[in-house]
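Hi,

Here is the structure I promised to pass on. Have a look through it first, and then read my notes underneath.

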Amino acid sequence: MKTTLIAAVALLAFELSPSSPAATIALTGSDAINTTSFNTGLHWANGQPPTAGNDYQTANFRLRTPAISSDVTFAGDSLEVQSGGGEIRHKTGATVTINNLILDDGAIIDITAPSGGAPTGALAGNILLNGIATFQAGLASDGNASSHVLTIGSVMTGAGGFNTASSFGTVIVNATNTYTGQTTVSGGTVLVNGILANSPVAISSGTLGGNGIIKGAVTNLSSGILRPGLGGTDTSTLTVSNNLVLAGTTIMTLNRANAQNAARISGVATFTQGGTLIVTNVGPTLQAGDVFTLFNAASYSGAFSVT
């Protein structure tokens with residue numbers, strides 16, 4: 001009877017003992033071409049593939065995603081891309097899902113020559129922006145850099161923001177994003193097709209477009225390009241429900257074949273016109289009596305140089 005009682009108490013104590021705490025595991029080196037630590041133990045400090053229950057950090061190394069053309073998900077509880085050289089190189093020609101992706105100041109996410117027939121890939125999950133990260137679609141070393149497309153379907157939060165320095169292709173921002181730091185278009189094209197609820201946007205170089213909603217103020221600087229819509233023959237609307245200041249180039253597309261016959265910027269509070277306005281027809285020949293609405297704002301000031 002006594003032996004049985006002791007065994008039962010020991011078993012109960014074992015069942016009630018807390019589970020092992022989550023470990024934080026760091027990269028110890030950068031993934032070389034055609035290698036990956038994303039779902040292997042190649043460069044993780046414990047030598048094991050990422051698993052649930054652990055948090056992971058890049059340190060100042062490059063983590064490559066698998067060079068495959070099918071979706072893949074990071075297995076760890078979180079992944080932090082750290083300052084000082086931390087980078088995720090997107091080599092997957094499909095969707096990479098990372099839940100609890102943390103981007104510290106200076107973190108880089110880039111897509112370059114991914115696996116598959118087209119240089120495109122996507123990112124899903126959620127992102128905490130702890131500083132100003134850099135998103136790059138296509139690099140100078142890519143022969144078809146401008147054809148690269150990185151679609152960010154992740155929900156982005158935090159006090160940070162992002163830029164697109166040294167990006168040559170297109171970064172597409174979807175989802176409803178609540179991060180509060182600045183979005184700076186500083187290379188390539190950024191299409192806002194979702195919602196930027198709190199981020200001010202500056203176009204220092206490169207192109208801003210899309211058919212989503214920007215609730216922060218938008219400033220197009222002297223070397224920037226603002227082109228609402230999705231490019232090509234598209235004439236959709238980019239909503240800026242805040243102040244809009246234009247000092248660079250603004251390109252508005254006309255197409256009588258579309259239900260909405262002109263690309264449009266709407267919802268603006270105070271609209272300060274400036275820089276160069278280029279109106280281009282990509283549809284059927286214009287006819288006498290055609291009317292096109294390009295802007296909608298509560299108040300207007302300034303003037304364009306029109307071409």
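**Salt bridges and the core**

Let's start with Glu87, which is buried, with a relative accessible area of 7%. Keep in mind as you read that this is a predicted model.

Which residue does Glu87 pair with? Its salt-bridge partner is Arg62, and the closest N and O atoms of the two are 2.9 Å apart. Arg62 sits in strand β3 (residues 62-64) and Glu87 in strand β6 (residues 87-90), so this pair ties together parts of the chain that are 25 residues apart in sequence. Arg62 isn't buried like its partner: it has 25% relative accessibility and counts as partly exposed, because buried means under 20% and exposed means over 50%.

If you're wondering what brings such residues together, side chains of opposite charge can pair when their charged atoms come close.

Now for the next pair. Arg89 and Asp110 also meet through their side chains in a salt bridge, at 3.1 Å from N to O. This one links distant parts of the chain too: Arg89 is in strand β6 and Asp110 in strand β8 (residues 108-111), 21 residues apart. Buried or exposed? Both Arg89 and Asp110 are buried.

It's worth viewing these two pairs together, as Arg62, Glu87, Arg89 and Asp110 are linked in a network of salt bridges.

How many salt bridges does the structure hold? There are 4. One of them joins the side chains of Arg256 and Asp290, with 3.0 Å between N and O. Here both partners are in loops: Arg256 in the one between β24 (249-254) and β25 (264-273), and Asp290 in the one between β26 (276-281) and β27 (295-302), which puts them 34 residues apart. Arg256 is partly exposed, with a relative accessible area of 29%, and Asp290 is partly exposed as well, at 27%.

Then there's the nonpolar side of things. The largest nonpolar core has 56 residues, and those with the most contacts inside it are Leu79, Ile98, Leu101, Leu103, Met156 and Leu208. Strand β7 (residues 95-103) gives the most to this core, with 4 residues.

Try clicking on Ile98 to see what is around it. Leaving out residues up to four places away in sequence, Ile98 touches Phe38, Phe74, Leu79, Ile88, Leu123, Ala124, Gly125 and Asn126. You'll recognise Leu79 there, since Leu79 is also listed among the core residues with the most contacts.

Shout if anything is unclear!

Cheers

Conventions: Residues are numbered from 1 along each chain as its sequence is written. This is a predicted model: local features need pLDDT of at least 70, side-chain atom pairs count only at pLDDT 80 or more; totals for chains, interfaces and linings use all residues. Side-chain values use heavy atoms; hydrogens and water are left out. A nonpolar core is a set of buried Ala, Val, Leu, Ile, Met, Phe, Trp, Tyr and Cys residues joined through side-chain atoms within 4.5 Å. Buried means under 20% relative accessible area, exposed over 50%, partly exposed in between (1.4 Å probe, protein chains only). Helices (H or I, at least four residues) and strands (E, at least two) are DSSP runs, numbered from the N terminus. Contact means heavy atoms within 4.5 Å.
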